[in-house]
Each structure stands twice: as C-alpha cells, then as structure tokens.
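Visitor: I'm new to this structure, and I'd like a close look at just one part of it. Could you walk me through a place where two domains meet?

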Amino acid sequence: MNIDPARIHSLTDRPAGKLPGNTSGNKNYVIYWMQQSQRALWNHALEFAVCRANFHGCPLMAVFCLTNTFPEANLRHYTFMAEGLCETGRELEKRGIRFVLRAGNPGQIVPDLAEQAKEIICDRGYTRVQRQWQQHVAEGARCPVFCVESDVVVPAETASQKAEYAARTIRPKILAHLDRFVRPVAEIPLENPATDLEMRGLAFSDPQKMLSCIQVDGSVSPVTRFFKGGTREAIGRFDDFLDNRIARYIQNSNQPQTDDISRMSPYLHFGQISPVYLAWKVQNRKNLDPEIKTAFIEELVVRRELAVNFVWFTKNYDAFSCLPDWAKKTLADHAKDPRKYRYSIEALDAAATHDIYWNAAMDEMKSTGFMHNYMRMYWGKKILEWSKSPETAFKNAIVLNNKYFLDGRDPNSFAGVAWIFGLHDRAWKARDIFGKVRYMNAAGLERKCDIKAYVDKIEQIKTQQA
Ligand code: FO1
C-alpha cells in the first residue's frame, strides 16, 4: 500500500480486525463512505478501503448519501454533483465495488448500513457539516471508522497544527512536504468483487433521474453549458489547460477578459478531481517554465490548503467574527463612514448597481457559476464598500457566493470571502469605510486589465443565454 500513514486517521478507538459474529452471509463487507472525494481515480480513501476489504477477505461497498439539506445548496450544485456521481458509480462497479446511493443523512444511513460491516473508511472533510457527519457516523457505528485525507496535497495537520496568519507563514511548511505527498495513487485490485452483494439504492444511470428522488431547491438553474460535472470532464479540461493555456498563466492571472486559468475549482470542490493528480501533472510536465509551475502550485496547493487550514482551525469561519482582530477593529472604526452608494442584497443579486464592471462580474457568476479570481476580489471589495455595515457586507457576500458559485460552500470560498475583509492579508494605508483593509477600485481595473473586453465577454454570454 502506497498511502502515506499521515493521511489516515482513526475516528474511533475500536480495534480493527475480525469482529465477533460478523462473518456470515452477504453482509460481510467493508464500507467506503464516499463524501468529499467523489471519484474513482487518485482516491487514497478508496484505495485504502480496497486494501482493508482485501485484508478481511470480503467485498467492498461504496456508499454515497444524497441529502437535500446541504446548507445553501440548490439545483445548480446538485446537478453538477449528480453528473459526477453517475460516472463515479459506473467506474466503481467496473472494479467490482458495489456503489450504493441512498437518499438521506449520512449520520443515520452509514451506521445503519454498517450494522454488520467490518470497518468503515471515509473521506476527510473540513467544513462544519462534514465534521458533524463524521462525528455522527463514528458515534453511531459499532465497527472501527477510519478517515483518509485525499483532497489535499499535504494533510492538514501535517502542514500545521494551528491557524496560520498568511500564505507566507504556511508556504514553507507546505512546500517542505511537497515531494513526499505529490505521488501517484496506485489502483489496487479488489480480490473479492461484490457480485452477490444485494443492496438497495437509487439508480445512478442518469443525473436527472437521480435528483428526482430528492426535493432540491430549484431556484437557481444548472450551468451545464459551462460546466459538466465528472472526473473525465475535469481531466479533459485540465489537459486542454496544459496544452493551450498554462503558458500564459502568469501573464494573464489578472486578466479576466482572457481564459488562461484551469477552472478546476468546481471539480475540486466536489472531489471529482484529485489535487495530488493536478499537482503531479504540472510538476511532471516537460518543457514547462519552472516559474509557471511554482505559480500554479502556489494557487493549487499553498493558497488552497491555507484555506483548509483556516476552516479546520477556525470554528466560525463563515461569520464576520472569524476575522483577525486588527481587521475587525479597523472596520468597526470606519463602520459609520458615509457610503456614497448603498445596495441591498436584492439589488446586488439583480446585478443592478451603478458599476458596469461589478454588474458584469455578478452576471458572470449567475450565468456560469464561476468568476475569474481577479474579479472575485473586486466583486467582494465593492460589497464591503456599498453595504450599510461590514457585518452586513460579510453576510451578503457569503450568501451570494454560496448561492451561485459551483465552488461556493468550500473552504477556499469561505477563505476567499474572509480575505476581502482582511483575512490572511496585512494592514494597508487607512481610508474611508475600509480602514486599513486592502482597497480596490474601478480605475485599478481599467489600468491593469482590458475590463471593457471582460464586460463584452459577459454581455455575449448573456445574449447567447437569452
Ligand atoms: N455531500 C454529500 O455527502 N451529500 C450531498 O448530498 C451533498 C450535497 C452537496 C451540495 C452542494 C455542495 O456544495 C456540496 C454538497 N456535498 C454533499 C458536499 C461536497 O461534496 C463537498 O464534500 C463539500 O462541500 C466540500 O467542502
């Protein structure tokens, strides 16, 4: 087994091994509760579960719990996730792993299914809901439960044991482990295919059919035209990025009118692609400028895993109170500063402000479920400037972010919103409303990029949609 032990954590103190009265019939299996890492490729948790099933000489059942109560999720997100799950289910079954899709809460479903299971292997998730689910499964199950970290390059607590201040403080800690953790994940043959493992579950032949089994908030429409879910799609897009775009990655990182970014964040959010795979592909790419490799690894690993560190070590990561003290103080000092423009969440949601650049960004988010990172910063900074208080701004930014982005509700997304208000940043020269929090303005956009071309690009997207 080539899975680094630092990725594996026991969630229970029950001994692993043969359990009494647990060897008869077809209920003799290992469960892989798939949650964060929704893929059949480069999945450490899955391969660990295969090893455990082989060790016990029994089949492996992979379970996914489809719940319609995932916080702030709607049809847009569920459609993308369901597209990926259909593909993953098929790939698992090809390997002889029974894929069982159940509607409901993992805290009930997984312990019930595990009544006579040997062991449960699960993914590690970092957000509140994921941690609660893990705790309920560990408390409810009578067998040992292990979780495996497969959606970060460096396991969170190997990188750091505390909330880090900024990229500069976590960077050396992450980079020191890169060679150890950027390694291919070998696919381990399953010795006992689940051919006669009878288990009821929802069909996973078609995403729409799958979603018809649960009632989902249908207020935000899917964005299948821009993003189709699934590992195959993610790999294809990433190959295209490597072949045709990555060469301009540095020069165009602040150019939202261009498209020289990987657009992997939705796939990473739903675990449809492994960050280790992406890092490995970039590191092993022949004839790629080392500076570009470094810049890409900075975003994919350092910044993304700084966000994981933030969510893991900060209980209130989605509330204004999560901000560093200096930011809260300076924003409070300027909370009563007059605002030239003030917009309610309805006006923001309608992309109906006086600022055509901002409206274009909001339209991009609504139409495509995505936004170029440079515009994400501008988008958030203006919400701070135009809201009646910084607390309201924070709340509204989280709501809109999580409603429309495919990659909302993710550690990266929570850290991205908090960054707008000073997280992981330093104090700058004080100014109205922002205090010492970093400021951005439209003149800066006009100076640094072809913002008019960006507005045109979004106009075209909207026209095509109409
Ligand atoms: N995880 C699940 O295990 N079951 C779900 O039904 C589910 C729905 C869902 C909807 C939107 C969304 O953004 C995430 C959702 N997740 C679900 C979790 C997701 O797969 C990721 O593990 C975490 O959101 C990562 O932060």
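Guide: Sure, let's go to the meeting place of domain 1 and domain 3, where the area buried between the two is about 810 Å². Carbon and sulfur atoms give 57% of that area. On the domain 1 side, keep an eye on Glu72, Arg76 and His77: together they supply 62% of what domain 1 buries against domain 3, more than any other three residues. Bear in mind that this is a predicted model.

To get your bearings along the chain, the domain assignment puts domain 1 at 5-151 and domain 3 at 320-465, with domain 2 (231-313) also assigned. Taken over C-alpha atoms, the centres of domain 1 and domain 3 are 37 Å apart. Where they touch, 10 residues of domain 1 are in contact with 13 residues of domain 3.

Now, what holds hands across this interface? The rule finds 0 salt bridges between domain 1 and domain 3, but it does find 9 residue pairs in polar contact. As for the make-up of the domain 1 side that touches domain 3, its residues split into 5 nonpolar, 3 polar and 2 charged.

While you're here, have a look at the ligand too. It is surrounded by 20 residues, and Gln38, Cys65, Thr67, His269 and Arg409 are the closest. A polar backbone atom of Cys65 sits 2.8 Å from a nitrogen atom of the ligand, while a backbone N or O atom of Thr67 lies 2.9 Å from one of the ligand's oxygen atoms. The protein covers 100% of the 520 Å² of accessible area that the ligand has on its own.

Notes
Residues are numbered from 1 along each chain as its sequence is written. This is a predicted model: local features need pLDDT of at least 70, side-chain atom pairs count only at pLDDT 80 or more; totals for chains, interfaces and linings use all residues. Side-chain values use heavy atoms; hydrogens and water are left out. Domain bounds come from an automatic or database domain assignment. Contact means heavy atoms within 4.5 Å. Buried area is the accessible area (1.4 Å probe) that two parts lose on being put together, summed over both. A salt bridge is a side-chain nitrogen of Lys or Arg within 4 Å of a carboxyl oxygen of Asp or Glu. A polar contact is a pair of N or O atoms within 3.5 Å; within protein, one must be able to donate a hydrogen and the other to accept it, and residues adjacent in sequence count only if both atoms are side-chain atoms. Ala, Val, Leu, Ile, Met, Phe, Trp, Tyr, Cys and Pro count as nonpolar, Asp, Glu, Lys and Arg as charged, and the others, Gly among them, as polar. A residue is near a molecule or strand if one of its heavy atoms lies within 4 Å of it. Accessible areas come from the Shrake-Rupley method with a 1.4 Å probe; for residues, only the protein chains shown count as cover.
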